[in-house]
Amino acid sequence: MNSGEFRIIKTLRCAVSRLFDSALPKIERCKYNLQFQWPGNEVGKFNCPHRDCAAHQVVMADYVNDCDRKTHLFADESLSILKILESKKERAVFFHGDTLHAGQSPTDSPLRCVINMNFSVLTNSGKSSSVPA
């Protein structure tokens, strides 16, 4: 594959390898999330909370564009907010695969685009790695 999109994914995968000081991580899933503007969406609302993958895997959300809406990470099913992440162009965030989270549809920005990748990361010693501090 020589498409521009594949080069982006390959570059991100190499960056994750350096961040975790590991062999190249195994990509379990990779997708683009594209949400279009929804002017009628209420400010406090977010999309359906979900978990991407197993706890031993790592989620990376790479924000492709600046957007007025955010990603919410929740502590548990009560939707107690653990952290709110702003959608800033070229920012990548990492969290555990079993972290309950939800995005928001943009209200002012024309769209929100996020590259979402789930990795299995092994350190150079062959042990499973966790999200870096």
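Begin by selecting Lys70 together with Glu86: in this predicted model, Glu86 of strand S4 is the bridge partner of Lys70.

Next, extend the selection to strand S3, residues 70-74, and to strand S4, residues 81-86. The two strands run antiparallel and are joined by 5 bridges. Between S3 and S4 lie the 6 residues of their hairpin, where Leu79 may be selected for its backbone: Leu79 takes a positive phi near 65°.

Now keep S3 and display strand S6, residues 100-102. S3 and S6 are also antiparallel, with 3 bridges between them. To locate this pairing, select Phe74, which stands opposite Leu100 of S6.

With these neighbours in view, colour S3 by accessibility. Of its 5 residues, 4 are buried, that is, under 20% relative accessible area, so S3 is largely enclosed by the rest of the structure.

Turn then to the largest pocket, whose volume is about 260 Å³. Select Asn33, His50, His101, Gly103 and Arg112, which are the closest to the pocket centre among its 19 lining residues.

To see where the lining comes from, show strands S1 (26-36), S2 (58-63), S5 (92-96), S6 (100-102) and S7 (111-120); each contributes at least two lining residues. S1 provides the largest share, with 4 residues.

Finally, colour the lining of the largest pocket by residue class: 8 residues are polar, 7 are nonpolar and 4 are charged.

Methods: Residues are numbered from 1 along each chain as its sequence is written. This is a predicted model: local features need pLDDT of at least 70, side-chain atom pairs count only at pLDDT 80 or more; totals for chains, interfaces and linings use all residues. Side-chain values use heavy atoms; hydrogens and water are left out. On a 1 Å grid over the protein atoms alone, a cavity is a set of points where a 1.4 Å probe fits but cannot get out, and a pocket is an open set with protein on both sides within 12 Å along at least five of seven lines; lining residues have an atom within 4 Å of a point. Grid points are joined across faces, edges and corners, and a volume is the space filled by probe spheres set on the points. Ala, Val, Leu, Ile, Met, Phe, Trp, Tyr, Cys and Pro count as nonpolar, Asp, Glu, Lys and Arg as charged, and the others, Gly among them, as polar. Buried means under 20% relative accessible area, exposed over 50%, partly exposed in between (1.4 Å probe, protein chains only). Two strands pair if DSSP finds at least two bridges between them.
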